[in-house]
Amino acid sequence: MAKKNPSLTAPFFHDDDKAREYLESVRWPNGPVCPHCGAEGGSLIKTGKDTVRKDGRVQKARQGLYRCIQKECREQFSVTVGTVFERSHIPLSKWLMAAYLLCSSKKGMSSHQLHRTLGVTYKTAWFLSHRIRHAMGTPGGLMGSGGGTIEADETYIGNKKNPRLGKRAGHGHKHTVFALVERGGQVRSTYIPTIRKGETAAKIAEALKASASPDAHMMTDDARYYRNIMKPFASHETVNHSKGEYV
């Protein structure tokens, strides 16, 4: 059953032990899993008590430390191993609140706003926001691998010379954006920086080579330049917009 959306008063946003327990319940709903060998189960290691340093600061005992039960492995691990939280000195409760704020804010959240809300330095807020956004990025790999179908098209946006100018005919003065949509998979958009006339096809070919697998089946409109740049792929089918075909 899916977990309810938490509020900012949730205990795991303010207590590191509660944050660790919450993350364990999300990542390991059926018990700990070793990130080193994938074995299920693990023995909890007793980590002692908190100690007081000479400077008066409290050194907390490390909680939530496990050891793999497999004899061939026996590695130590915690719930943060293999995540963006690993090896970070930032409290886990701050990490969870930062992730919640970035994901729940309708128009996003700047590092400055994050730094004010969390009560951390701007440098820390910048690190948090960039690392969380990177973790949510598109996974690597070529689209359409294994014979998938990709729909490709380009559109023209804005005004290169002066964005304040009114509408003008044609698209030579606009910015070109090329988009790929994998059926049942990823979506990627690429800005095509064209300077001279006739560069669009070559730039689109470069974008295709960087994002699409050669064994993909391509679907486009009947623009002429697609005929040549789609030859390296498994197949290429088109729709004729002038005849009312859009599917």
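Here is a friendly conversation about a predicted model, taken one feature at a time.

Colleague: Glad to look at this with you! Which strands stand at the edges of the five-stranded open sheet?

Modeller: Happy to help. The sheet has mixed pairing and the order β8-β7-β6-β9-β10, with a twist that averages 25 degrees from one strand to the next. Two of its strands have a single partner strand each, so one side of each is left without a neighbour in the sheet. Those edge strands are β8 (187-192) and β10 (235-239).

Colleague: Further inside that sheet, how many bridges join β6 to β7?

Modeller: Strand β6 covers residues 149-157 and pairs with β9 in the parallel sense over three bridges; there, Thr149 stands opposite His217 in β9. With β7, strand β6 runs antiparallel, and Ala152 has Leu180 as its bridge partner in β7. The number of bridges joining β6 to β7 is eight.

Colleague: And on the other side of β9, which residue in β10 stands opposite Met218?

Modeller: Strand β9 (residues 217-221) pairs with β10 in the parallel sense. Five bridges make up that pairing. Opposite Met218 stands His236.

Colleague: Which strands does helix α5 lie across, and at about what angle does it run to β8?

Modeller: Helix α5 takes in residues 200-211. It lies across β7 (175-182), β8 and β9. Its angle to β8 is about 145 degrees.

Colleague: Just after that helix I see Ser213; is it buried or exposed?

Modeller: Ser213 is found in the loop between α5 and β9. Not counting residues up to four places away in sequence, it touches Leu142, Met143, Gly144, Ser145 and Phe233. Its relative accessible area is 6%, and since buried means under 20%, Ser213 is buried.

Colleague: Let's turn to the smaller strand arrangement. Which residue in β5 stands opposite Tyr66?

Modeller: This open sheet of three strands has antiparallel pairing and the order β1-β4-β5. Here β1 (42-44) and β5 (76-77) stand at the edges, each with a single partner strand, so one side of each has no neighbour in the sheet. Two bridges join β4 to β5. The residue opposite Tyr66 is Phe77.

Colleague: Phe77 catches my eye again in the largest nonpolar core; which element gives that core its largest share?

Modeller: The core has 31 residues, and Phe77 is among those that touch the most other members, along with Phe13, Trp95, Leu101, Leu114, Leu118 and Leu128. Two or more residues come from each of α1 (16-27), β4 (66-68), α2 (92-104), α3 and α4. The largest share, eight residues, comes from α2.

Colleague: How many residues are in the second, separate core?

Modeller: This core includes Phe178, Ile204, Ala207 and Met230. Its residue count is 16.

Colleague: One last pair: at about what angle do α3 and α4 pack?

Modeller: Helix α3 (residues 111-118) brings Ser111, His112, Leu114, His115 and Leu118 to meet Tyr122, Ala125, Trp126, Leu128 and Ser129 in α4. By class, their contact has six nonpolar, four polar and no charged residues. The crossing is right-handed. The axes of α3 and α4 (residues 122-135) are 8 Å apart, and the angle is about 115 degrees.

Definitions and conventions. Residues are numbered from 1 along each chain as its sequence is written. This is a predicted model: local features need pLDDT of at least 70, side-chain atom pairs count only at pLDDT 80 or more; totals for chains, interfaces and linings use all residues. Side-chain values use heavy atoms; hydrogens and water are left out. Axes are lines fitted to C-alpha atoms, for helices over the stretch in contact, and angles run from 0 to 180 degrees between N-to-C directions. Helices (H or I, at least four residues) and strands (E, at least two) are DSSP runs, numbered from the N terminus. A crossing is left-handed if the near helix is turned anticlockwise from the far one by less than a right angle, and right-handed if clockwise. Contact means heavy atoms within 4.5 Å. Ala, Val, Leu, Ile, Met, Phe, Trp, Tyr, Cys and Pro count as nonpolar, Asp, Glu, Lys and Arg as charged, and the others, Gly among them, as polar. A nonpolar core is a set of buried Ala, Val, Leu, Ile, Met, Phe, Trp, Tyr and Cys residues joined through side-chain atoms within 4.5 Å. Buried means under 20% relative accessible area, exposed over 50%, partly exposed in between (1.4 Å probe, protein chains only). Two strands pair if DSSP finds at least two bridges between them.
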